[in-house]
Amino acid sequence: MNLTKQRLGQLAFIIGALIIIILFIFAWNALRNQERQNLEAANTLQAANTSVSAQQLTAQADVETAQMQAKISRAKELAALSTAERDKDPILSYLLGLEAFRLLDIPGTRS
């Protein structure tokens, strides 16, 4: 009878150890899956941030282009007004031409 209790104790120990090992494997697998999901989320976030940064750069470039186009347009407008006023009011013509040149030094504002 003593031998049976000893064998039952050993069997219980082995079963308990197997249960602990199985639980450890499940926990390790769950942590691995969570780590994989976290990595995928981080990669998605990084891709989104990269996309936003690219869009911001594009938007900034578009703003700068629009501002330069507006400046060119205004300088050409002032130069045209200067030319139109040359015979009627030479002083106004000179001032308009000077302002056009001051605004932007391009061939159309140099004369």
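**Helix H2, its buried side and the salt bridges**

In helix H2, the buried residues include Ser93, Leu96, Gly97 and Ala100. They cover an arc of only 100° around the axis, so they sit on the same side of H2. I should say at once that this is a predicted model.

Staying with H2, the helix runs over residues 90-103, which is 14 residues. At 1.5 Å a residue it should span 20 Å, and its end C-alpha atoms are 20 Å apart, so the two agree.

Now the other face. Turned away from the buried side of H2 are the exposed residues Ile91, Tyr94 and Arg102.

What covers the buried residues of H2? H1 is included in that cover. One residue to look at here is serine 82, which is found in helix H1, residues 2-85. Serine 82 has a relative accessible area of 4%, so it counts as buried. Leaving aside neighbours within four places in sequence, serine 82 is in contact with Ser93, Leu96 and Gly97. Those three residues are among the buried ones of H2.

Next, the salt bridges. How many does a search of the whole structure find? The search finds 3.

I will start with the one in H1. Arginine 74 pairs with glutamate 77, and the closest N and O atoms are 2.9 Å apart. These two residues are 3 apart in helix H1, so about one helical turn separates them. Arginine 74 is partly exposed, at 40% relative accessibility. Glutamate 77 is partly exposed as well, with a relative accessible area of 40%.

The next one is in H2. The side chains of arginine 102 and glutamate 99 form a salt bridge, at 2.5 Å from N to O. Here too the residues are 3 apart, this time in helix H2, so the separation is about one helical turn. Is arginine 102 buried or exposed? Arginine 102 counts as exposed, because its relative accessibility is 58%; it belongs to the face of H2 turned away from the buried side. Its partner, glutamate 99, is at 32% and therefore counts as partly exposed.

That leaves aspartate 105 and arginine 110, whose side chains meet in a salt bridge at 2.7 Å, N to O. Aspartate 105 is partly exposed, with 43% relative accessibility. Arginine 110, with a relative accessible area of 52%, is exposed.

To return to where I began: H2 has its buried residues Ser93, Leu96, Gly97 and Ala100, and H1 is part of what covers the buried residues of H2.

Conventions:
Residues numbered from 1 in each chain as written. Predicted model: local features only at pLDDT ≥ 70, side-chain atom pairs only at ≥ 80, totals over all residues. Heavy atoms only, no water. Helix = DSSP H or I, 4+ residues; strand = E, 2+ residues; numbered from the N terminus. Buried < 20%, exposed > 50% of the residue type's maximum accessible area, 1.4 Å probe, protein only. Contact = heavy atoms within 4.5 Å. Expected span 1.5 Å × (residues − 1). Arc of directions from axis to C-beta. Salt bridge = Lys/Arg side-chain N within 4 Å of Asp/Glu carboxyl O.
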